[in-house]
Amino acid sequence: MNISFELILQYVVSPAFVRGAGMTLLLTGCAMLGGIVIGLSLALLQDARVAALRSVAISYVWLFRGTPVLFQIIFVFNVLPALGITLSGFTSAVVALSLNEGAYMAEIVRSGLKAVRPGQRAAGLALGMKNWQLMAHIVVPQALRVVLPSLGNQAIGMLKLSALVSVIAVEELLLVANQTASAEFRYIEALTAAGIYYLAITTMFMCVQTWVERRLSTGRKARGGKMTLTQRLLGATSTVGSIR
Amino acid sequence: MKQPMENTSSMLLSMRGINKMFGNFHALRNCVLDVPTGSTVVIAGPSGSGKSTLLRCINLLEFADSGSILFEGQQVADQRSQAFATRRKMGMVFQSFELFPHLTVLENITLGPVRVLGVDRQIARSEALALLDRVKIPSKAYDYPESLSGGQQQRVAIARALAMKPRLMLYDEPTSALDPEMIKEVVDVMAELSEAGMTSIVVTHEMGFAKRAADRIVFMEDGIIIEDAPKDVFFSSAAHPRTRSFLDQLSQ
């Protein structure tokens with residue numbers, strides 16, 4: 001078997017692969033955003049005073065953590081049209097991934113909000129802040145520091161999950177690679193090119209995460225959660241891979 | 001108990017018949033408290049006696065179940081939706097400091113004025129620096145709270161409250177979480193403020209502060225104000241036996 005490095009390079013820079021990688025990034029970004037919004041809503045619902053609202057949140061998490069993501073993707077794409085809701089492949093993918101991510105994000109957001117001591121809210125209220133100011137200036141900035149490592153892990157997990165949506169013909173990286181490979185019978189080269197993209201993007205995510213964490217750590221003493229980039233590359237991926 | 005003698009118009013704060021329940025626990029029972037403008041009132045008493053709850057009812061962090069609270073002549077007890085507007089006029093200092101860990105000392109002090117009062121950033125900054133001078137830590141403006149000692153953090157907390165230009169300062173056991181050697185630096189700042197005419201209500205066991213800066217001392221037990229007397233009377237001839245046993249314990 002001979003591997004053509006030249007062909008790998010050609011694939012990497014080809015418009016189809018660049019578009020595929022762009023689509024993968026876009027899917028990841030949109031689904032993460034949707035996941036955070038759903039997760040935040042669920043986190044607030046879980047601590048609601050009305051018992052019915054709490055059970056809505058609990059049922060949601062039970063439903064979306066208890067079924068495979070692949071099942072959810074296919075369900076949204078194939079079953080919703082029967083109910084009169086027809087979504088494009090891309091929208092279906094984002095909806096399914098967001099819904100799934102929200103279930104996991106709820107727990108993360110909740111732990112972040114819990115980490116802010118009640119006295120901090122009292123201090124903000126004593127300054128005459130309204131509830132939204134309290135959230136914006138005191139609670140969220142502090143919660144963000146707590147959840148950032150998990151958020152980074154989730155983003156990397158999402159990048160890899162996004163490959164699943166190739167089953168509903170969204171032209172993301174894996175589908176492009178697979179199509180190219182089967183059209184030209186160059187499996188090694190096409191899949192290697194896709195692998196290079198995935199590794200490059202996860203590495204980029206980790207760099208961004210490290211940078212943001214450094215910026216937010218405000219020159220304080222290193223906490224237990226500090227990791228070097230190498231630790232991050234090896235440690236973070238192995239745990240994320242086993243989540244779902 | 002002493003009857004309020006002054007007419008209520010010189011009163012900055014006037015509470016009548018304050019009751020507060022936490023479930024079945026009667027935290028405050030018919031509390032009456034008058035605080036004339038410019039005076040300093042110390043609230044003492046065993047833990048669980050309702051001191052902190054009384055303080056938190058004043059700036060509406062807790063809402064009394066019944067009773068009236070006149071602040072600057074205005075009824076505030078039942079104005080729940082306007083609570084934030086009332087709180088702006090009162091500064092509060094907490095036992096555990098509660099500085100915002102994600103902000104520098106300077107940002108901690110300017111947050112309220114800039115975000116809540118809409119003060120210009122530059123003005124707020126220079127006022128904050130002047131306040132840091134006043135609480136005697138001008139060199140820590142750009143540090144984070146974490147790197148400060150307890151005594152320094154509490155003085156920053158005082159500066160943060162003062163930045164809102166409050167009419168009334170509320171201190172909730174401000175020295176209880178401090179090492180003994182740091183108590184004095186905080187007490188000094190509080191006493192200087194009181195001497196300069198800042199109306200203050202101080203929940204504390206620190207009788208050194210009370211002797212130095214209080215005009216009146218209130219003693220609470222089981223949610224009831226059992227003694228409310230001018231400082232000299234309180235220390236020399238407290239009426240209630242419970243107060244006397246408290247004072248005896250202190251002198252041992």
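## A pairing to start from

Which residue of β5(B) does B:Leu70 stand opposite? The partner is B:Gln75. Please keep in mind that the model you are looking at is predicted.

Strand β4 of chain B, residues 66–71, and β5(B) are joined by two bridges and run antiparallel.

## The sheet of chain B

Let's widen the view to the sheet. Its four strands in chain B follow the order β2-β1-β4-β5, forming an open sheet with antiparallel pairing. At the edges stand β2 (25–36) and β5 (74–75) of chain B; each has a single partner strand, so one side of each has no neighbour in the sheet.

A helix joins the picture here: α1 of chain B, residues 51–58, packs on the sheet. Helix α1 touches β1 (11–22), β2 and β4 of chain B, and its direction makes about 60° with that of β2(B).

## Two domains in chain B

The domain assignment of chain B gives two parts: domain 1 covers 8–89 + 167–251, while domain 2 covers 102–165. Taken over C-alpha atoms, the centres of these two domains of chain B are 25 Å apart.

Where the domains of chain B meet, ten residues of domain 1 are in contact with ten residues of domain 2. On the domain 1 side, helix α6 of chain B (residues 180–195) supplies the largest share, four residues. That side of domain 1 of chain B is made up of seven nonpolar and three charged residues, with no polar ones.

## Nonpolar cores

Now for the interior. The largest nonpolar core has 84 residues, and those touching the most other members are B:Ile43, B:Ala159, B:Leu170, B:Met190 and B:Ile217. Both domains of chain B take part, with at least three residues from each of domain 1 and domain 2.

B:Leu170 is a good residue to click on. Leaving out residues up to four places away in sequence, B:Leu170 touches B:Leu55, B:Ile58, B:Asn59, B:Met90, B:Gly91, B:Met92 and B:Ile201.

Another core, of 49 residues, lies apart from the largest one; among its members are A:Ile73, A:Val109, A:Val170 and A:Tyr197.

## Chain A

Chain A has ten helices and zero strands, so to speak a run of α elements from the N terminus on. Of the 244 residues in chain A, 36% are buried.

How are the contacts of chain A spread along the sequence? Among those with a separation of 6 or more, 76% are between residues 24 or more positions apart.

Notes: Residues numbered from 1 in each chain as written. Chains lettered and ligands numbered in written order. Predicted model: local features only at pLDDT ≥ 70, side-chain atom pairs only at ≥ 80, totals over all residues. Domains from an automatic or database assignment. Contact = placed C-beta atoms within 7 Å. Nonpolar A, V, L, I, M, F, W, Y, C, P; charged D, E, K, R; others polar. Buried ≥ 20, exposed ≤ 12 C-beta atoms within 10 Å, placed from the backbone. Pairing = 2+ DSSP bridges. Axes fitted to C-alpha atoms, helices over the stretch in contact; angles between N-to-C directions. Core = buried A, V, L, I, M, F, W, Y, C linked by C-beta atoms within 7 Å.
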